[in-house]
Amino acid sequence: ALKLRAGDKHCLVARSKCYLKLGDTENSLKDAEASLQNDKTFSKGLYQKAETLYTMGDFEFALVFYHRGYRLRPELQKFRLGIEKSQEAIVNCIGSPSSVKLENKEDLCFISRQAESKKANQKLQNKVTMDQKWTRKQRPVRNPKTERELLGELYADKAYLEKLLKDEDLMESSTKQGIKVADLVLSGISYLDTRSEFWQQQKPIYARVRERKLRQQRWIRDKKRKPAEVGRYIVKSMEDIDMLLTGNCPEESCKKAERVLKRIQGWSDDEVPNKNELIGNLHSCIGNAQLEMGQMEAALQSHKMDLEFARQNDLRDAVSRALGNVGRVYARIGKFQQAIDTWEEKIPMAKSSLEKTWLFHEIGRCYLELNEAGAAQNYGQKSLQSADEEGDAEWQLHATVLVAQAQVKLKDYRSAIMNFEKALEKAKLIHNEAAQKAIIIALDDVSKSFIEELNKRREEPTIAFSSPDYDFSSEDTKDDDFEKFREREESEQSAENQDDEKQKEDARNYKEEHGNSKEGGSEQENKE
């Protein structure tokens, strides 16, 4: 960009920033000054020059340019922050402002000129050999503890470089490019010394000690407020986890719950009084998210951990919740008997009619999957009864459909048709079109089966169950379907016989009462 448009101040500032990031303060300052050559009021150039001077450790001159930029653009926050950090660095270097008072009534341009001439001299002075640098560095050694604190992780690098200096053979060798290894090592040590000096000026050790004390005081003060903050954090986190799960983001919900769980496990019981209950709840949230992601085994493990925590701490509500979730996972993976056993353990803990409704319905559905239609019908009727108590039309629909499906398995087609019709009315009432379509198809299938059974009955010869030729104790007559069919036939035949007898008796009574009146007698006698 600078080749196309030489001297563009915006490009020069951008390149100056890059040089500063690379640690090349000399070129960074050169570009920052070049951006101000034609426009001394260019705020970006002033700020970049101030930042470069601050990085070089010239805090006083950096302060000058921060002030100059602040006068031109007082609305920019970065200049005010620059002034504050420069002043703090100067105070750290020379002490409190009360000890030194400066008056800047006149214009500060002369200071800028002095700074520029000083920079020119520094450039010449910087061109010294590595041997001269090393000679200059022969000054009183800084306290290792202080140096370690200043350099931090870089202290090990400096110690390694100083150790290399003792290897005379290595120091005499050169790289492929012809650079002496001694020069490279000395330049690295020089750089680390320069940085440690800068960091000490910016924030000396005594300032760090004071800051550490302030941090400890702040920690003690925060600790007193921690219970309220912990409570807010927990409530907010649980809300976020639930929102992510309901918002169809189970993976993010699971990750968030795992992070919160790890953090809470690191807290003491004093900080979180209900720690075990909260841990169990988070395991439940993780299990629900894993179930939504299709990770069945992991979900089952998480819900079992929730159940274990609830039982260990005698939390009845948490035990009920965990049992419900464990049963749900068992049902999803096809282990219907385990699901039934788990949910039946939960039944005494159900608190409301609505909870009993879905619980009975799910147990009945599992029995239906296991082809135990009688038990499925029984639990379906219990679910319907609880739904009626609650007045929930949608669960009334589900329970009625379950009862009807169980009756179809039992080949009680007449009752199944009646219940499907009731379910169809409920579906219309709550405007559930999908349920209506499904019920109509089921009704059609049941009606066909019912008609086929009636036709089959007409074609079969009348079976005299009292005949001595039939031995009902034989193995052939022990078939369950046949027994049910026989019992149903007997009851229907008995009912029909009773109706016929009643009709005959009514006819005889009618004849006896009205027969004489037709043969003779007055009209009054007939009325009587």
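Which residue forms a salt bridge with Lys255, and how many Å apart are the closest N and O atoms? I put this to the model, which is a predicted one, and found that the partner is Glu251, with the closest N and O atoms 3.7 Å apart.

**Entry on helix α13.** I then looked up where the two residues sit, and both Lys255 and Glu251 lie in helix α13, which covers residues 250-265, at a spacing of 4 residues or about one turn of the helix. For burial I noted that Lys255 has 44% relative accessibility and therefore counts as partly exposed, and that Glu251, at 43% relative accessibility, also counts as partly exposed.

**Entry on helix α22.** I next looked up Glu453 and Arg457, whose side chains meet in a salt bridge with an N to O distance of 3.1 Å. The two are separated by about one helical turn, because they stand 4 residues apart in helix α22, residues 433-459. Glu453 has 13% relative accessibility, and since buried means under 20%, I entered Glu453 as buried.

**Entry on the salt bridge network.** I found that Lys158, Glu162 and Asp193 are joined into one network by salt bridges that share partners. Within this group I looked up the pair Lys158 and Asp193, whose side chains meet in a salt bridge at 2.5 Å, N to O. Lys158 belongs to helix α9 (residues 155-165) and Asp193 to helix α11 (residues 181-202), so this pair ties together parts that lie 35 residues apart in sequence. Are Lys158 and Asp193 buried or exposed? I recorded both Lys158 and Asp193 as buried. For the structure as a whole, I wrote down a total of 18 salt bridges.

**Entry on the nonpolar cores.** I turned to the nonpolar side chains and looked up the largest core, which has 21 residues, and in which Leu53, Tyr54, Phe59, Ala62, Phe65 and Tyr66 are the residues with the most contacts inside it. Three helices each supply at least two residues of this core, namely α3 (43-55), α4 (59-72) and α5 (77-94). Which helix gives the most to this core? I found that α4 does, with 7 residues. Apart from this core lies another one, made of 20 residues, and I noted Trp343, Tyr367, Tyr379 and Ala406 among them.

Technical notes. Residues numbered from 1 in each chain as written. Predicted model: local features only at pLDDT ≥ 70, side-chain atom pairs only at ≥ 80, totals over all residues. Heavy atoms only, no water. Core = buried A, V, L, I, M, F, W, Y, C linked by side-chain atoms within 4.5 Å. Buried < 20%, exposed > 50% of the residue type's maximum accessible area, 1.4 Å probe, protein only. Salt bridge = Lys/Arg side-chain N within 4 Å of Asp/Glu carboxyl O.
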